[in-house]
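Subject: Structure handover and findings

Dear colleague,

Please find below the structure that I am handing over to you. My findings follow it.

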Amino acid sequence: MSRYKILLASIALLFSGLNSHAQKGWINLFNGKDLKDWNIKIAKHNYNENFGNTFYVQDGLMKVKYDGYESFDKQYGHIFYKKPYSYYLLKIEYRFVGEQAKGGEGWAWRNSGAMLHCQDPATMLKDQNFPISIEAQLLGGNGKDERPTGNVCTPGTTIEIKDNLFTPHCLNSTSKTYHGDQWVTAEFLVLGDSVIKHIINGVTVLTYTKPKIGGGDVANFDPKVKEDGKALTGGYISLQSESHPIEFRTVKLFDLQSYASDQKKLEKILEKLRKD
């Protein structure tokens, strides 16, 4: 077995029951007070124009709303943390609330996401719909049907599943469905361009490898930025506005970059995170 596959097997074991609550070493990307460390890009609007006050903070929560929209009209938005990361564990707590904005697409009902390995938002063109990135898709249930969360979608990117190139746009996880307005904890273990794991309420629900730039499902981008075949070793983190109101009460990150070149130390810190 190769060293790479041994690492994947070790990570799978360590994160089979992740429950990371320790504060030491965590970076709060969202401070619960304001959006000063974040940048905004909404389709059809200029960089850092928070059209309609889409993203705002209230009662310690980062909220996404559409009161200022006459119609959603495919004005997909993303709010980006100010700096890029490569190796990390990202933890968010989210819930869907209220009614979808008028003019929202049917597929976007109770639909949002955490975008991983995003392009620099300053390089997005005015009418670009999504950042070139890996989307950790967040979905809410409709009260009766199965609708897993923690899925993966690939705007302008590709991934591999069990060493095979995955070409469809989205792949469902094995998570349970979360109906109503309940809070859900989603964690994403991102190790450069080697492996990404999605963990919902402590259960690993999806694993994939070798993210690269490529594929479709992103429009109106700068061709110079979309370098097809280039490995995605790092990038920015963003949260979506896709027409359904959503709230975030936790957005924090454990930076694993210092363990990237030492497998034993990486396994040790992942074991600690699993136990905390």
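I begin with strands β9 and β12, which pair in the antiparallel sense over two bridges. Please bear in mind throughout that this is a predicted model. Within this pairing, C153 stands opposite C170 in β12. The two cysteines are also joined by a disulfide, with an S to S distance of 2.0 Å. C153 lies in strand β9 (residues 151–153) and C170 in strand β12 (residues 170–171), so the disulfide ties together parts that are 17 residues apart in sequence. The torsion about the S-S bond is about 110°, and the disulfide is therefore right-handed.

The two ends of this link differ in their surroundings. C153 has a relative accessibility of 2% and counts as buried, whereas C170, at 34%, counts as partly exposed.

A search of the whole structure finds one disulfide. Why does C118 not form a bond with C153? The sulfur of C118 has its closest cysteine sulfur in C153, but the separation is 13 Å, which is too far for a bond. C118 is itself buried, with a relative accessible area of 3%.

Strands β9 and β12 also belong to a wider arrangement. Seven strands form an open sheet in the order β2-β5-β16-β7-β8-β9-β12, with antiparallel pairing. Its edge strands are β2 (38–42) and β12, each of which pairs on one side only.

I turn next to strand β13. Eight of the eight residues of β13 (residues 184–191) are buried, so the strand is largely enclosed by the rest of the structure. Its side chains alternate in direction: V184, A186, F188 and V190 point one way, while T185, E187, L189 and L191 point the other way, and all are buried. You may wish to note that E187 is among these buried residues.

Strand β13 has pairing partners that can be described in turn. Eight bridges join it to β6, and the two strands run antiparallel. One of the paired positions is Y88, whose bridge partner in β13 is V190. Strand β14 (residues 195–200) pairs with β13 over six bridges, again in the antiparallel sense. Here the bridge partner of L191 is V195 in β14. β13 and β14 form a hairpin with three residues between them, and G192 in the turn has a positive phi of about 55°.

The nonpolar packing involves several of these residues. The largest nonpolar core has 52 residues, and those with the most contacts inside it are L90, I92, L116, F188 and F248. Strand β6 (residues 87–96) gives the most to this core, contributing five residues. A second, separate core of twelve residues includes L89, L191, V195 and L266. The bridge partners L191 and V195 are thus both found in that second core.

For I92, the contacts beyond its neighbours within four places in sequence are A114, L138, V184, T185, A186, F188, F248, T250 and V251. Among them, V184, T185, A186 and F188 are residues of β13.

A lysine also deserves mention. K63 is found in strand β4 (residues 61–64). Is K63 buried or exposed? At 10% relative accessibility, it counts as buried. The side chain of K63 makes a polar contact with the side chain of Q58, at 2.9 Å. Leaving aside neighbours within four places in sequence, K63 is in contact with T54, F55, Y56, Q58, I246 and E247.

Finally, two residues merit attention for their backbone torsions. D73 has a positive phi of about 50° although it is not a glycine. It is found in the loop between β4 and β5 (77–81), and D73 is partly exposed, with a relative accessible area of 43%. N220 likewise has a positive phi, of about 65°, although it is not a glycine. N220 is found in the loop between β15 (203–213) and β16 (236–241). With a relative accessible area of 47%, N220 is partly exposed.

Yours sincerely

Conventions
Residues are numbered from 1 along each chain as its sequence is written. This is a predicted model: local features need pLDDT of at least 70, side-chain atom pairs count only at pLDDT 80 or more; totals for chains, interfaces and linings use all residues. Side-chain values use heavy atoms; hydrogens and water are left out. A disulfide is a pair of cysteine sulfur atoms within 2.5 Å. Helices (H or I, at least four residues) and strands (E, at least two) are DSSP runs, numbered from the N terminus. Buried means under 20% relative accessible area, exposed over 50%, partly exposed in between (1.4 Å probe, protein chains only). A polar contact is a pair of N or O atoms within 3.5 Å; within protein, one must be able to donate a hydrogen and the other to accept it, and residues adjacent in sequence count only if both atoms are side-chain atoms. Contact means heavy atoms within 4.5 Å. A nonpolar core is a set of buried Ala, Val, Leu, Ile, Met, Phe, Trp, Tyr and Cys residues joined through side-chain atoms within 4.5 Å. Two strands pair if DSSP finds at least two bridges between them.
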